[in-house]
Amino acid sequence: MNSQQERSRLLGRRRECAFLDELVARARSGESSGLVLEGEAGVGKTALLAYLAEHAHGCRVVRVAGVESEIELPYAGLHLLCAPFLDCLDALPEPQREALETAFGLRHGTSPGRFMVSLAVLTLLTNSAERQPLVFVVDDAQWLDRASAQTLSFVARRLLAERIVMVFALRHRADDDELTGVTVLRVHGLENEDARELLRSAFPGPLEDRVRDRLLRETHGNPLAILELPRGWTSGELAFGFSDTARMPLATRIEEGFRRRLQRLPGQTQRLLLIAALEPSGDATLVWQTANHLGVDVTAAAAPALEAGLLAQSAGIDRGVRFRHPLVRSAVYRAATVGDVREVHGALAEVTDGDSDPDRRAWHRAQATVGWDEGVAAELEASAERAQARGGLAAAAAFLERATALTADPLLRARRALAAAQIKQEAGAPAEALTLLSVAEAGPLGSLDRALVHLARAQIAFFSDHSGDAPGLLLAAARALEPLDATLARRTYLDALSAAMFAGRLARGVGLREVAAAALATHTPNGVKGPCDLLLDGLALVITEGYAAGTPVLRDAVRAFRGSDMPVLESLRWLWLATHAAHDLWDDESWDELCTRHVDLARRVGALHVLPIALSARMGLHLFAGELSTVAVLVQEAASVTEATGSTLPPYGAIALAAWQGRQAEATRMIDAVTADVVTRGDGMGLTLIRHAQAVLFNGLVRYPEALAAATDGAQHPQELAFATWSLPELVEAAVHTENRAPAERAVVALAELADASGTDWALGVLARCRALVTDDPRVAEAYYREAVERLSRTRVPMVLARAHLLYGEWLRRQNRRLDARGQLRTAHDLFQQMGAEAFAERARRELAATGQTLPRTPPPGLVEALSAQEAQIARLAVTGMTNAEIGTHLFISARTVEWHLRKVYTKLRISSRKGLLTALPAN
């Protein structure tokens, strides 16, 4: 560090300045960083941001500030941050470019997925950083609009090797803050000696000791408070230390000091500052035009504000009006009368171009309007439609909420409130949605609209926390819709059925059977049944009349989904349930096709709220296929997505993977961590999945009593369909090994009903394997074992086949047919070892040893095991032929970060290029 840098450090901020200097140095050398500066108002965050911007030599600096009045305008902050780089949009992959252009209103199109926008921003900034390191400083981040905050948080958490520094300043983070997961540097008040030095520099004249001590004590070392509070005091207060504001919170007192100074300024100056406070984009032209419209001379009005220290001295008036500190803006806004605020909003609306920026103009008009005004309300409604098309759900809801308040007609007001509530729910604001629903209910709604209100309440209950009450609420909504909109009613029954399936054994009040029975009593319009109608009928029949009765219709539904070219939104919504139906039918081919389509679609459109569920379904298929390394890749991807979205979906895939691998400590740790939450959520289906995983784990570890207990619990709720069914074979195996024949025989009877109706080789092969276990006649048992191996050899589930070889080999050894047993056990051992099913491989090895054939234990971890989870994931995707950019899109990171990881992979695997990955990585 040179002497000039040392001298320019902020007083008392040696540690913080060094930290920021290090971020810039790392960016110059090719590393990226995201940082949150957290601290109370006035503690010095803005000064640290200014220090960072001033010392980011060789970097391009972009400064943005969140503004409370802009918090509802979608992507407002993000647009300011990306504006310098929009000339590089053409270099983005087409889906990303279209998403970003739509979000910024540069083109018309369907609502872009929020995470496709985020990925586009990451790519845009990464590409720009190739030319010059970038430093972004975002002040008052707590006032960023939600869409911008979510996007920038996504980018900041994925910075690694892109030569980008992104620093946010905010006051206090909540538990659900968008920036959770970004490194935090807490900014505290100055130490006592530094505080005294700062006070001496600001007030070099005499100051009574008790006044100085009181000021230092009450400001707690807050630099802005030390500098500003005395400037608002009278000479008597400076002399004796008395002040009416002493009991106010510190931020309020600082703001009050600014307000006092503001009140002493000329009226024209106060008007200019209010214009700047309400036009936060920093557009100098708009400020000048608005001031002229209101008869304010900008140059003359700005001088007193500069002299009073309320405006930044470095900002030329011709380049806009910039406040010295964000609290000045807040003080200006709060000091203004309601009439003044409305007048300035009205002037801003007059000078804002309605063609190029209709939404901001509509927002200003709305804030300037008193009473009812249908014209403004209609403008806001149009703005809501545009915001929704850009993916700004929060903004769309805010526009409609304000339109509701301006609407005189009771029916139209109620409908707008209902529309706003529905969008609020989609935007993840259930409490606000419920408030708007109350407004809607107070109006003269018709029957259909009232039914939609009930539907919205039910969907909030389900989607907010998968509440166990949701099935009953959705059922009531579906019944109310039946005479009004039969198609919507049946879709709502399908929602209710989904909710009841999630709730499973933990449903409160209305259960799966009641929902299914009600659904069966409905009819499709014109008698024409599409894929969703068949799915509803098939599942409902299975639940109410039994598996055999519903299987033909369910099979038709799966076939219809496979052959249907459904709209994107419908596919995203229902493909998971169609995939569920496929594995209910033991139809591995349809399961593969449907869940692959679901995952690919969710990735392509950036629907990350859907992707974790689609990935979970895909993991299940790969588990049965024995492709555990592929499952590990998907587990990492799901973890990345849930972390990015803040999803609360438990890590079911990771639990199942650890169980099949035989990693007891890891599986148990995760199960213990999530079980209580699963029960609290009312997710009975999840609990059944956990029990199945435990049964697999303990059967692999030869801990049969524990496996029996887990499988018994997992299978005791057959209405949960395949999730409960999967526990039946585990129950049979564990029960036979503990000499509990009765529960094993009952489980075989239950399996026989399912397998005979299904008719697939997978179902019949598992049934044959289980029948062999409970059969006493050796000839019959062997025939069943041979049938199991033969049928399962024709499926896509070799893990299940390996289990059949293992059980057959164990049986042969007990029959004293050691030579025959060795062939089956060796096949099982080799399959398990190749798949990574460590516990089952060890079980087969011990059985082989009992036949007199000794195999070495599993070799110690090699080079591949030295890779981190993300490195292994990237390496395997690279083997498939994906480019770095494609891998980055797949994993929501930049291409540069992919290359950084690959270089580490090459070093660990002792290879020099992608070509070496083909031989360095195992086939699975």
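Here are some notes on helix packing, salt bridges, histidines and cysteines in this predicted model.

1. Start with helix α14, which covers residues 284–293. Its buried residues are A284, L286, V287, T290 and A291. Looking down the axis of α14, you find them within an arc of 165°, so these buried residues line one face of the helix.

2. What sits over that face? The cover on the buried residues of α14 includes α13 (267–278), α15 (298–307) and α17 (338–351). If you are checking the backbone there, have a look at G295, which follows α14 and has a positive phi, near 75°.

3. Helix α17 comes up again with H345, which lies in it. Is H345 buried or exposed? Its relative accessibility is 6%, so H345 counts as buried, the cut-off being under 20%. Leaving aside residues up to four places away in sequence, H345 touches L278, H364, Q367 and A368. L278 belongs to the 267–278 range of α13, one of the helices that cover α14.

4. A second histidine to look at is H692, found in helix α35 (residues 684–700). H692 is buried too, with a relative accessible area of 7%. With residues up to four places away in sequence again left out, H692 touches W660, W726, S727 and E730. If you're assigning protonation states, these are the contacts for H692, and those for H345 are L278, H364, Q367 and A368.

5. Now the charges. Side chains of opposite charge can pair when their charged atoms come close. How many salt bridges does a search of the whole structure find? The count is 53, and the next few points go through some of the pairs.

6. E374 and R416 meet through their side chains in a salt bridge, at 2.9 Å from N to O. This pair links distant parts of the chain, with E374 in helix α19 (residues 374–389) and R416 in helix α21 (residues 410–426), 42 residues apart. The two ends sit in unlike surroundings: E374 is partly exposed, with a relative accessible area of 39%, whereas R416 counts as buried at 2% relative accessibility.

7. D533 and R490 form another salt bridge, with their closest N and O atoms 2.7 Å apart. D533 lies in helix α27 (residues 531–545) and R490 in helix α25 (residues 486–503), so the pair ties together parts that are 43 residues apart in sequence. D533 is buried, with a relative accessible area of 8%, and R490 counts as buried at 3%.

8. For a pair within one helix, take E842 and R845, whose closest N and O atoms are 2.7 Å apart in their salt bridge. Both lie in helix α44 (residues 838–850), three residues apart, which is about one turn of the helix. Both E842 and R845 are buried. Sharing of partners also deserves a word: salt bridges join R490, R491, K529, D533 and D537 into one network.

9. Last, the cysteines. How many disulfides are there? The count comes to zero, with the sulfur-to-sulfur cut-off set at 2.5 Å. Among the cysteines, C88 counts as buried at 15% relative accessibility, and C532 is buried with a relative accessible area of 3%. C532 falls within the 531–545 range of α27, the helix that holds D533.

Note on methods: Residues numbered from 1 in each chain as written. Predicted model: local features only at pLDDT ≥ 70, side-chain atom pairs only at ≥ 80, totals over all residues. Heavy atoms only, no water. Buried < 20%, exposed > 50% of the residue type's maximum accessible area, 1.4 Å probe, protein only. Helix = DSSP H or I, 4+ residues; strand = E, 2+ residues; numbered from the N terminus. Arc of directions from axis to C-beta. Contact = heavy atoms within 4.5 Å. Salt bridge = Lys/Arg side-chain N within 4 Å of Asp/Glu carboxyl O.
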